Amino acid sequence: QVQLVESGGALVQVGGSLRLSCAASGSTDSINNMGWSRQAPGKQRESVASISSGGTTTIADSVKGRFTISRDNAKNTVYLQMNSLKPEDTAVYYCKATRYSRLYWGKGTLATVSS
């Protein structure tokens with residue numbers, strides 16, 4: 001069993017930055033992929049970024065060049081650095097992790113970008 005707790009969501013102005021954190025606890029051994037998805041009001045949930053245990057990253061085209069994902073294996077924590085934020089980035093951001101082909105989700109943290 002893996003528990004994921006996100007933090008860092010806030011209200012920020014257009015063009016600003018936020019860094020989201022997600023700390024994994026419980027059975028943290030053998031977690032391979034970690035990442036972030038988001039759900040904006042009235043929209044479907046979409047994958048934003050992911051990172052493997054080996055450091056291979058995947059970034060959605062919509063945020064490429066603005067968002068960076070990183071991982072601290074010693075702290076069992078994944079980060080999402082969000083720069084040059086746009087109103088379209090307003091969403092609940094959910095942390096996700098895979099372990100033995102099971103997918104775990106956090107409860108989300110809200111990032112609001114004011115125009």
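These legends walk through several close-up views of a predicted model.

**View 1. An open sheet of four strands, paired antiparallel.** Welcome to the first stop. The strand order here is β1-β3-β8-β7. The two edges are formed by β1, residues 2-7, and β7, residues 67-72, and each of these edge strands has a pairing partner on one side only. On average, and with direction ignored, neighbouring strands of this sheet are turned by 15° against each other. Strands of a sheet pair through backbone hydrogen bonds, in either a parallel or an antiparallel sense.

**View 2. The pairing of β1 with β3.** Here we move in on one edge of that sheet, where β1 is an edge strand. Six bridges link β1 to β3, the strand that covers residues 18-26, and the pairing is antiparallel. A handy landmark is Q3, whose bridge partner in β3 is S25.

**View 3. L18 in strand β3 and its surroundings.** L18 belongs to strand β3. With a relative accessibility of 11%, L18 counts as buried, because the limit for that class is under 20%. If neighbours within four places in sequence are set aside, L18 is in contact with G8, A10 and V12, with L80, Q81, M82 and L85, and also with A111. For a sense of how distant parts of the chain meet here, look from L18 to S84: these residues are 66 apart along the chain, and their C-alpha atoms are separated by 9.3 Å.

**View 4. S84, a residue other than glycine with a positive phi.** Staying with the partner just introduced, we find S84 in the loop between β8, residues 77-82, and β9. The phi of S84 is near 50°. Is S84 buried, partly exposed or exposed? Its relative accessibility is 40%, so S84 counts as partly exposed.

**View 5. G9 in the loop between β1 and β2.** The loop that holds G9 leads to β2, residues 11-13. G9 is partly exposed, at a relative accessible area of 30%. Which residues does G9 touch, not counting those up to four places away in sequence? They are L20, T109 and L110. The C-alpha atoms of G9 and G108 are 8.8 Å apart, although 99 residues separate the two along the chain.

**View 6. Strand β4 with partners β9 and β5.** Strand β4 spans residues 31-39 and pairs antiparallel with β9, residues 91-99, over seven bridges. Strand β4 is also joined to β5, residues 46-51, by five bridges, again in the antiparallel sense. M34 is a good residue to centre on: it stands opposite A97 in β9, and M34 also stands opposite I51 in β5. Together β4 and β5 form a hairpin with six residues between them. In the turn of this hairpin, G42 has a positive phi of about 75°.

**View 7. R38, a buried arginine in strand β4.** Do pause over this one. R38 sits in β4, and R38 is buried because its relative accessible area of 5% falls under the 20% limit. The side chain of R38 makes a polar contact with the side chain of Y93, at 2.9 Å. Beyond its neighbours within four places in sequence, R38 has a long list of contacts, including Q44, R45, E46, V48, S62, V63 and F67. Also on that list are E88, D89, A91 and V92, along with Y93.

**View 8. Two arginines that lie over tyrosine rings.** R19 lies over the face of Y79, 4.4 Å from the ring centre. R45 is placed over the face of Y94, at 3.8 Å from the centre of that ring. As for pairs between aromatic rings, the count is zero.

**View 9. The hairpin of β9 and β10, with Y100 in its turn.** We finish at a hairpin that has two residues between its strands. Strands β9 and β10 pair in the antiparallel sense over four bridges, and K96 stands opposite W105 in β10. Y100 lies in the loop that runs from β9 to β10, residues 102-105. Its phi is positive, near 50°, in a residue other than glycine. Is Y100 buried or exposed? With a relative accessible area of 53%, Y100 is exposed, because that class begins at values over 50%.

Conventions
Residues numbered from 1 in each chain as written. Predicted model: local features only at pLDDT ≥ 70, side-chain atom pairs only at ≥ 80, totals over all residues. Heavy atoms only, no water. Pairing = 2+ DSSP bridges. Axes fitted to C-alpha atoms, helices over the stretch in contact; angles between N-to-C directions. Buried < 20%, exposed > 50% of the residue type's maximum accessible area, 1.4 Å probe, protein only. Polar contact = N/O pair within 3.5 Å; in protein donor to acceptor, adjacent residues only side chain to side chain. Contact = heavy atoms within 4.5 Å. Phe/Tyr/Trp six-rings, centres within 6.5 Å; stacked < 30°, edge-to-face > 60°. Lys NZ or Arg CZ within 6 Å of the ring centre and 35° of its normal.
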